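Trainee: I should like to understand how the descriptive terms applied to a structure are justified. May we go through them one by one?

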Amino acid sequence: MEFKHVSVLLEECIEALNIKKQGYYVDCTMGGAGHSSHIVSELNNDGRLIGIDQDTDALNAAKEKLKDYNNVIYVHNNFHNIYDILEELNIEKVDGILMDLGVSSYQLDAGERGFSYMQDAPLDMRMNRDKEFSAYDVINDYSEEDLYRIIKDYGEEKFSKRIASFIVKRRNEKPIETTLELVDIIKAAIPAKARRDGPHPAKRTFQAIRIEVNGELEILDKAIDDSVKKLNSNGRLAIITFHSLEDRIVKNKFRDLGNPCKCPKEFPICACGKKPTVKVLSRKAIAPSDEEIEVNPRSRSAKLRVLEKI
């Protein structure tokens with residue numbers, strides 16, 4: 001299957017990165033090189049693009065798309081390790097970093113990857129297929145309490161307790177092995193009226209399990225800190241999120257970096273001496289235009305936030 005992915009907020013990202021021709025840039029989630037192809041096209045021969053992805057399918061597609069460029073470095077890794085990756089490449093500082101935290105259209109549409117609740121496939125959901133831990137392990141091995149917590153916290157699903165209980169009941173009969181088996185269990189757990197309104201009944205639970213399998217939220221805080229350490233002054237960090245949990249983490253982290261003072265509000269001047277390391281350029285998250293949403297409905301929930309290193 002061809003690796004297809006429609007880049008979200010493309011023009012806004014390129015503008016946010018404020019690309020210098022001889023600059024060094026990192027695409028933390030290279031995917032099919034949608035954003036990367038635009039970044040590298042702005043660089044001269046002294047500029048460099050470092051493309052990171054934990055999905056080998058994505059990296060292979062990116063290499064094919066960018067085969068005419070000789071200033072791209074491809075890294076099969078998780079952007080959680082951005083600091084070590086750049087250290088190993090002997091790159092002290094970079095001028096811009098982009099993180100697109102969405103699941104690619106390819107991953108959603110490639111039924112066998114197990115990300116989609118619309119197609120039958122083994123319970124997988126691994127972004128990095130070199131890892132053994134998958135959605136099967138979460139669904140069949142986690143305690144009812146842990147399933148409830150994950151579906152509630154990561155899926156913000158109000159029927160999380162019932163869904164966890166129904167999963168445990170079913171797996172006591174036999175292991176749950178496929179995506180559509182899981183969808184049937186979720187549908188049975190959610191009352192009929194709630195199933196009729198709003199998004200697909202399995203959407204929130206699948207999101208929650210995917211986040212757990214890939215450790216998506218726990219890596220974010222450190223990845224932002226390490227990215228800022230690796231930015232040149234006036235370098236930019238741009239992050240696209242696709243659900244409120246990620247956006248909240250990014251928003252709060254940017255706010256803390258932009259205003260790290262911990263003094264009580266009644267203090268007339270700062271006594272803690274903590275100075276901001278960044279300037280937040282997006283006071284309000286940048287959302288896709290109506291035109292973009294019409295062309296690519298999956299962009300609807302996207303939000304872009306941008307900071308600049310002081």
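Mentor: The discussion below takes up the overall fold, two loop residues, a helix, a strand residue and a pocket. Please bear in mind that this is a predicted model.

Trainee: How do you know that the radius of gyration of the protein chain agrees with that of a compact globule?

Mentor: For 310 residues, the rule for a compact globule gives a value near 19 Å, and the protein chain has 21 Å; the two therefore agree. Along its principal axes, the C-alpha trace spans about 60 × 60 × 40 Å. The chain contains 14 helices and 7 strands, and 52% of its residues count as buried.

Trainee: Why is N18 called partly exposed?

Mentor: The relative accessibility of N18 is 46%. Partly exposed covers the range between under 20%, which is buried, and over 50%, which is exposed; N18 therefore counts as partly exposed. N18 lies in the loop between α1 (10–17) and β1 (24–27).

Trainee: What makes the phi of N18 worth noting?

Mentor: The phi of N18 is near 50°, a positive value in a residue other than glycine. Most residues other than glycine have a negative phi. A33 also has a positive phi, near 70°.

Trainee: Why does A33 count as buried?

Mentor: Its relative accessibility is 0%, and buried means under 20%; A33 therefore counts as buried. A33 lies in the loop between β1 and α2 (34–41).

Trainee: What makes α2 mostly covered?

Mentor: Of the 8 residues of α2, 6 are buried. They are G34, H35, S36, S37, I39 and V40.

Trainee: How do you know that R305 is buried?

Mentor: R305 has a relative accessible area of 8%, and the limit for buried is under 20%; R305 is therefore buried. R305 belongs to strand β7, residues 303–309. Beyond four places away in sequence, R305 touches several residues, including L237, I239, F254 and S282.

Trainee: Why is the pairing of R305 with D247 called a polar contact?

Mentor: The two side chains make this contact at 2.7 Å. The cut-off for a pair of N or O atoms is within 3.5 Å, so the distance of 2.7 Å satisfies it.

Trainee: Which residues lie nearest the centre of the second largest pocket?

Mentor: They are E157, A194, D197, P199 and R204, out of 13 lining residues. The lining divides into 5 nonpolar, 2 polar and 6 charged residues, and about 200 Å³ of space lies in this pocket.

Methods:
Residues numbered from 1 in each chain as written. Predicted model: local features only at pLDDT ≥ 70, side-chain atom pairs only at ≥ 80, totals over all residues. Heavy atoms only, no water. Helix = DSSP H or I, 4+ residues; strand = E, 2+ residues; numbered from the N terminus. Buried < 20%, exposed > 50% of the residue type's maximum accessible area, 1.4 Å probe, protein only. 1 Å grid on protein atoms, 1.4 Å probe; cavity = no way out; pocket = protein on both sides within 12 Å on 5 of 7 lines; lining within 4 Å. Points joined across faces, edges and corners; volume = space filled by probe spheres on them. Nonpolar A, V, L, I, M, F, W, Y, C, P; charged D, E, K, R; others polar. Polar contact = N/O pair within 3.5 Å; in protein donor to acceptor, adjacent residues only side chain to side chain. Contact = heavy atoms within 4.5 Å. Rg over C-alpha atoms; globule rule 2.2 N^0.38 Å.
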